Amino acid sequence: MHHVLVIGAGTMGTVHARSYAAMENVKLVGIVDIRRERGSELAAETKTEWFASYEEAMEVLERVDIVDVCLPTYLHKTYVQKAADAGKHVICEKPLARSKEEARAIVDYCREKNVKLFVGHVLRFFPEYEKSRQLVREGAIGEVGVARTFRGGIFPTAWNDWYADYPNSGGLVLDMIIHDFDFLRWCFGDVERVYAKSLLGRGFARMDYALVTLRFKNGMIAHVEGSWAHEGFSMKMELAGKHGIIQYDSAKEKPLVAVNRAKQAGVSGVAVPESPLRENPYFRELKHFIECIDLDQEPIVTVEDAVKAVEIARAALESVETGKPVTLV
């Protein structure tokens with residue numbers, strides 16, 4: 001039985017807490033949040049205790065095995081290190097940090113303290129994205145030359161409106177479309193060059209938009225589009241190979257479809273549906289991390305993957321600021 005303490009009762013803290021509360025081999029021992037009303041409400045819902053600070057929780061609780069950090073990005077390093085100092089394994093929401101250097105420092109610190117660190121790049125646990133990668137690796141559409149992704153919704157609100165504070169959040173490039181950077185790298189390997197444009201610094205109140213072009217070391221090109229100027233939320237993906245295309249659009253509410261061009265002329269396309277799972281992607285992700293602790297195994301998302309995702313996002317932000325392509329070392 002793993003005893004888990006969740007720090008942060010915002011959107012992701014709520015999702016994580018509910019997931020732990022539904023797991024058989026996990027005991028959610030507490031919720032930490034400086035907001036009494038929000039923290040106590042989530043604690044009551046998940047049948048656990050609320051604490052106003054991490055220090056209070058660690059002093060009161062008899063046992064904590066895992067600390068789950070669901071705080072604003074600029075607080076990740078502080079609380080991951082506090083947990084590591086206490087000898088606790090850590091699950092941290094993405095992005096791991098605001099810079100590659102800070103991300104590397106967090107990873108090295110946890111290794112020095114001999115605790116496991118897991119980073120929540122949950123897109124790898126969405127069935128549609130898992131299946132897409134599987135199809136690509138099996139050669140279902142041949143060698144992929146171009147990919148396009150979109151992820152968009154309304155400008156997020158959170159504690160202290162921290163998403164609007166660019167020095168602390170990094171905007172949608174670092175906080176949202178980093179999901180797509182990680183997924184594409186998972187499919188196609190390392191990125192060689194990044195070029196990006198966005199609304200950053202142009203004075204649009206509570207709106208953000210970015211278009212990022214990635215050139216991979218294998219020669220493939222990906223166009224990653226993100227928007228915090230839409231109502232609702234949707235995500236799209238198109239992977240174009242020599243022999244076909246994989247397409248997914250969450251707004252259409254239909255299964256992932258892979259179409260083989262050679263069969264389009266007179267024969268119906270090949271549909272590859274993926275049924276919704278009983279366990280949502282966040283539940284699957286957290287369950288996987290806990291299994292990795294039990295079995296002492298590397299997770300699907302490694303800490304090096306998390307560092308690389310931050311590196312790509314930072315390169316995109318540098319390109320936005322300079323107007324020039326950025327080459328990754």
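These points concern a lysine and a set of paired strands in a predicted model.

1. Lys88 lies in the loop that connects helix H4 (76-85) with strand E5 (89-93). Lys88 is buried and yet has no salt bridge, the nearest side chain of opposite charge being that of Asp65, 5.8 Å away. Since a salt bridge is counted only within 4 Å, the Asp65 distance of 5.8 Å does not qualify.

2. What the side chain of Lys88 does reach is the backbone oxygen of Val64, at 2.9 Å. Leaving aside residues up to four places away in sequence, Lys88 touches Met58, Val64, Asp65, Val67, Ala83 and Val115.

3. Strand E9 (residues 209-216) is joined to E10 by 7 bridges in the antiparallel sense, and E9 also pairs with strand E8 (residues 191-198), again antiparallel and over 7 bridges. Leu211 can be followed across these pairings, for Lys197 stands opposite Leu211 in E9, while in E10 the bridge partner of Leu211 is Glu225. Thr213, for its part, stands opposite His223 in E10.

4. The side chains of E9 alternate, with Ala210, Val212, Leu214 and Phe216 pointing to one face, where they are buried, and Tyr209, Leu211, Thr213 and Arg215 pointing to the other, where they are not. Such alternation between the two faces of the sheet is what a regular strand shows in general.

5. The hairpin of E9 and E10 has 4 residues between the strands, and within this hairpin Gly219 adopts a positive phi near 95°.

6. Strand E10 (residues 221-227) runs parallel to strand E7 (residues 144-153), to which 7 bridges join it; in this pairing Ala147 stands opposite Ala222 in E10.

Methods: Residues numbered from 1 in each chain as written. Predicted model: local features only at pLDDT ≥ 70, side-chain atom pairs only at ≥ 80, totals over all residues. Heavy atoms only, no water. Helix = DSSP H or I, 4+ residues; strand = E, 2+ residues; numbered from the N terminus. Buried < 20%, exposed > 50% of the residue type's maximum accessible area, 1.4 Å probe, protein only. Lys, Arg positive; Asp, Glu negative; His and termini not counted. Polar contact = N/O pair within 3.5 Å; in protein donor to acceptor, adjacent residues only side chain to side chain. Contact = heavy atoms within 4.5 Å. Pairing = 2+ DSSP bridges.
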